[in-house]
Each structure stands twice: as structure tokens, then as C-alpha cells.
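Q: Could you take a close look at the aromatic pairs for me? I am in my first year, so please walk me through them step by step.

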Amino acid sequence: MSLCNLGGLRVAQGRLEDAERQFRRAMAIYVAAFGERHSGTAQCLNSLAGLASERRRDQEARRLYARALAVRKAVLGAEHPDVAVTLNDTAVMLVREGEHATAEPLYREALRIRQASLGNVHIDTAASLQNLGLLLMDLCQFDEADRCLRGSLDVTRQLLGAHHVDTAGCLRSLAGLAQARGGEAQFEAAVAHYSAALSIYRERLGELHVDYALTANDMAVLYMRLGKPSAAEPLYADALAAYQHHFGKEHADVALASLNLAECVATQAIQRGRANGALELLQRSAALFERSKERFAHVRAGAVSGAGTDGVTREMRIEHCNRTLQKIHETIASLSAT
């Protein structure tokens, strides 16, 4: 196994410090043997940039991505697929930092290179369509976002099949877009897309997998928006069970899932005039969320919503936590008064 591959394995294992050592050792060998203007050096620079971004060392990540891009353009040419990789990875980082306008031309250039060098029917082209579509959705450019996301789904289905987990991911993105656009017809489309994605995840990954939980949570949010808490409850329960299985009972995602379920149960209890059981559940969930909200503010954007490119900042997440808790405490006060 090469040092770069070993570094990638360490990243997947969550051993980030060891991963950085392996990437730096590999880069030192490439630089000593071939100099900085070498494709192997560029690969190490790109990997180190991704690792720095993962560890929130954003300025360092920017510098490393810029170096990797410069080396790849000089050594491989501006139209090489590896150049598209660095452009795409840089854009992912920028979106996470909330710089959507800066990220958009990078996503577009990465897509153009992949279409020209790899063709329209290639899984990397599908990934670029997906990334650009999600960004455009965040920018409320819904028509173009729809074309991108449907194009990604078509290519993914053609290459990987209708029951592949990547196909489920495309369906989930289309569901999110339909939900963002609003309106009865769009909400019906969102339910259909979420249902199809859940079916694939259940079949391929099982109901305790995080991707199943993320999708179940998103569909439950939609049902709550539609005023259907009874349909949302089992989905919230599934999401909570999966998060507890993976993270334990004190994790920030578990706290949020518990709070969502408690609010859903309370809504139904209030509708039925039976508030006592909901009050205790809400109080327990709010206490857990209070303990976890600072950790939740640091959780990556995709960890709860699954939208890996939603550009949510730490400040935005803290604001969301505070709004959620305020709403829950208002509900608790209302229930206590009954």
C-alpha cells in the first residue's frame, strides 16, 4: 500500500493525525525524487488540503488547494480530470464556509472539464452535476438545479442501476429540491422521492445505517411541515434508533433526533388533549439537547441534514440550536399550564 493510500485509509478510520503524517511523508518522498512539479506531489497536496479542511484549518486548506491546482495545471494541463478534482474539492470547502458565490464558478469549471474529458455518461460527471445542483438549490436557482440533479440521477441510474445507494442519494437531493420549491405538487414529489430513497437504503444498508436515518429525518421534517405528525413519528423514531446505535446516547445528533421526536409526540398529544406524557418526554429531550448543543454547533453540515454542501456555519448552527430550544421551552411552558 502506498503512503498516500495509507493516509486515505487513516482518514476513513478517523485517525487524522496519523493520516497527516502519512501524506507528509509521501509528499517529502515525491519532492525529493521528482520535485514539486509532479503529479504525485500534487496528489499529496490535494489530500493534505482535504485533511486540513476536515480539521477546520481553512486558511491552510486554501493554500494547499491552490498549490495542488497550480501543479496539476502545469504538469497535466488545464483540461485534465485531476484538475477538476481539485476544483471540485475547493468548491466543497468554500460551500461549507458559506462562500457559495465563490464556489459556483469552480463547480461549473469542474463539470465542464469532466464532460469534455470523461464524457456526459461518467460517474464523476454525475457527481459534478449533483454538486452544482445542490449549490444552485441553496441559491434558489431552482430550474437549473432541477436540470442538474435530474441529469445526475439519469447518469447514476444508467451506470450503477436503479437500486444503488448513489441512486438513492440522487433521489434524496431531488426530494430536498422539491421541498424547497414548495407547493402541493412539489411536496407530493418530495414524498415520492424520499420514499424511493428510503426503500433503497433499507434494502442495501439496513434501517440502522446513517444514510437511512438522515433520509428518514428529512422525510419526517416534511411531514411535520405538512401537518402530519403521525406520519412523521415513526420516521423520527427510526432516525433516533440509528443515531443511538452509531453514536451512543449522549451524542449531539442523538440529542437533536430525540428533540425532534419529542416535539412530534407533543404535537399529537396536544391535538388529542393528552399532554402529560408529552411533557416529561419534552423535558428529558430538552435537557439532553442543552448538554449537547455546543457540540452540535460544531457538527459538520451533512451530519444531521445530510446536505453535505449546505454551507451552514457554526454561528448559524448555534442560532438554530437556540431557536429550537426556545420553541421547545415555550411548548413545555404551555403544557405545564394545562
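A: Let's start with a term: accessible areas come from the Shrake-Rupley method with a 1.4 Å probe. With that in hand, the chain in this predicted model exposes about 15,600 Å², and carbon and sulfur atoms supply 52% of that area. Of the 338 residues in the chain, 46% are buried. The chain has 16 helices and 0 strands. Among contacts between residues at least 6 apart in sequence, 60% join residues at least 24 apart.

Now to your aromatic pairs. A search of the whole structure finds 2 of them. One is made by Tyr30 and Phe34, whose ring centres are 6.3 Å apart with the planes at 35°. Planes under 30 degrees apart would count as stacked and planes over 60 as edge-to-face, with the rest called tilted, so the pair of Tyr30 and Phe34 is tilted. Where do Tyr30 and Phe34 sit along the chain? They belong to helix H2, which covers residues 16-34. Because Tyr30 and Phe34 are 4 residues apart in that helix, about one helical turn separates them.

How open to the outside are these two residues? Tyr30 has a relative accessible area of 25%, which makes it partly exposed. Phe34 reaches 52% relative accessibility and therefore counts as exposed, since the cut-off for that word is over 50%.

The pair of Tyr243 and Phe247 is stacked, with 6.0 Å from centre to centre and 20° between the planes. Here the helix is H12, residues 229-247. Tyr243 and Phe247 are 4 residues apart in H12, so about one helical turn lies between them. As for exposure, Tyr243 counts as buried at 2% relative accessibility, because buried means under 20%. Phe247, at 33%, is partly exposed.

If you would like a surface feature to set beside these rings, have a look at the nonpolar patch formed by Val121, Ile123, Leu159 and Leu160. Together, these four residues have about 280 Å² of accessible area. One of them, Leu160, is found in helix H8, which runs over residues 142-160. Leu160 is partly exposed, with a relative accessible area of 34%.

To bring the pairs back together: Tyr30 and Phe34 are tilted, while Tyr243 and Phe247 are stacked. As you explore, keep in mind that a pair of aromatic rings is described by the distance of the centres and the angle of the planes.

Methods:
Residues are numbered from 1 along each chain as its sequence is written. This is a predicted model: local features need pLDDT of at least 70, side-chain atom pairs count only at pLDDT 80 or more; totals for chains, interfaces and linings use all residues. Side-chain values use heavy atoms; hydrogens and water are left out. Rings of Phe, Tyr and Trp (its six-membered ring) pair if their centres lie within 6.5 Å; planes under 30 degrees apart count as stacked, over 60 as edge-to-face and the rest as tilted. Helices (H or I, at least four residues) and strands (E, at least two) are DSSP runs, numbered from the N terminus. Buried means under 20% relative accessible area, exposed over 50%, partly exposed in between (1.4 Å probe, protein chains only). Contact means heavy atoms within 4.5 Å. Patches are made of residues with over 30% relative accessible area and no salt bridge: like charges are joined within 9 Å, nonpolar side chains (Val, Leu, Ile, Met, Phe, Trp, Tyr) within 5 Å. A salt bridge is a side-chain nitrogen of Lys or Arg within 4 Å of a carboxyl oxygen of Asp or Glu.
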